[in-house]
Amino acid sequence: MAVKSPILSYFPTLIYEAPLIKNSKSLNSLVKESKLDSLRIFEHDNEGHKWSQSHYANGYTSYSSISKLHEMNSTFMDLRKHIDKHVVKYVKALGLETEDSLEMVSCWLNIMPPGGTHSLHLHPLAVISGTFYVEVPKGSGVIKFEDPRLSKMMAAPPRKDKFESGAFARITPQKGHLVLFESWLRHEVEVNRGKNERISISFNYA
């Protein structure tokens, strides 16, 4: 007879990370198309560049100017269809009672050159958020998630590394991969210490 463990696990924080498409040929094709369309947007989005100068340290985002990429052209529409499938899996793992009502409501471009960073923030008024990584040069920065219990740890000692716990959890992005998280979870992007710019597409579901 198996002995029941006295350790119970409650309130887990689940983060989803996977390649967008299993077929490498299809994935590489979509990544290539996404990069070309992203660079075109970057070139012509004067309003976005202006906003980014004061709100996105050393980088560019279309968050304030072009935030519905999934409604723009076939590339981003195709991207949304693939992301939808992953969101369904993630929502099921979370146990959310959404009754299939979640849909992508915003989608925007981020380009982070060397030295660029994105400070700690969350995504209010959304349920699921995430990022698809189009170009991730070596050393271009990890995405870092804050432990949601952090403000309650008044007298908690640090944890050993093997427990993969503490103030933050880090995920190193991979080209062609997707990261999903609940929108209330605070996160940031560390400084791009690489030699080339990092390109990603972020989104919200509500």
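Contact here means heavy atoms within 4.5 Å. I note at the outset that the model I consulted is predicted.

**Entry 1. The six-stranded sheet**

I began with the sheet of six strands, which is open and runs in the order β1-β8-β5-β10-β3-β2. Its pairing is antiparallel. I recorded β1 and β2 (60–61) as the edge strands, each of which pairs on one side only. I then looked at helix α1, which packs on this sheet and touches β1, β2, β3, β5 and β10. The direction of α1 makes about 95° with that of β5.

At the β1 edge, I found four bridges joining β1 to β8 in the antiparallel sense. I looked up P19 and found its bridge partner in β8 to be H177.

**Entry 2. The nonpolar core**

I next turned to the largest nonpolar core, which has 38 residues. Within this core, L20, L79, I83 and F203 touch the most other members. I listed the elements that each supply at least two residues: β1 (16–19), α1 (24–44), α3 (74–94), β3 (104–112), β5 (128–135), β6, β8 (177–182) and β10 (198–205). Helix α3 gives the most, with seven residues. In soluble globular proteins, nonpolar side chains tend to be buried together.

I examined L79 further. Leaving aside neighbours within four places in sequence, L79 is in contact with L20, L30, F132 and I201.

**Entry 3. The four-stranded sheet**

I then traced an open sheet of four strands, with the order β4-β9-β6-β7 and antiparallel pairing. Its edge strands are β4 (118–121) and β7 (168–171), each pairing on one side only. Neighbouring strands of this sheet are turned by 15° against each other on average, direction ignored.

I checked the pairing at the β4 edge. Strand β4 and strand β9 (residues 187–189) run antiparallel and are joined by two bridges. I noted that H121 stands opposite H187 in β9.

**Entry 4. E146**

Is E146 buried or exposed? I located E146 in strand β6 (residues 143–146). E146 counts as buried because its relative accessibility is 12%, and the cut-off for buried is under 20%. I looked for a polar partner and found R186, whose side chain is joined to that of E146 by a polar contact of 2.9 Å. Apart from neighbours within four places in sequence, the residues in contact with E146 are L120, A167, F168, L185 and R186.

**Entry 5. Two residues with positive phi**

I looked up two residues that have a positive phi although neither is a glycine. F11 has a phi of about 55° and lies in the segment before β1. With a relative accessible area of 79%, F11 is exposed. L125 has a phi of about 65° and lies in the loop between β4 and β5. L125 counts as exposed, its relative accessibility being 86%.

**Entry 6. Q174**

I closed with Q174, which I found in the loop between β7 and β8. Q174 counts as partly exposed because its relative accessibility is 40%, and that class lies between the limits of 20% and 50%. Which residues does Q174 touch, not counting those up to four places away in sequence? I found E17, Y133 and V136. I also looked up the separation of Q174 from K152, which is 22 residues apart from it along the chain. The C-alpha atoms of Q174 and K152 are separated by 32 Å.

Key. Residues numbered from 1 in each chain as written. Predicted model: local features only at pLDDT ≥ 70, side-chain atom pairs only at ≥ 80, totals over all residues. Heavy atoms only, no water. Buried < 20%, exposed > 50% of the residue type's maximum accessible area, 1.4 Å probe, protein only. Polar contact = N/O pair within 3.5 Å; in protein donor to acceptor, adjacent residues only side chain to side chain. Pairing = 2+ DSSP bridges. Axes fitted to C-alpha atoms, helices over the stretch in contact; angles between N-to-C directions. Core = buried A, V, L, I, M, F, W, Y, C linked by side-chain atoms within 4.5 Å.
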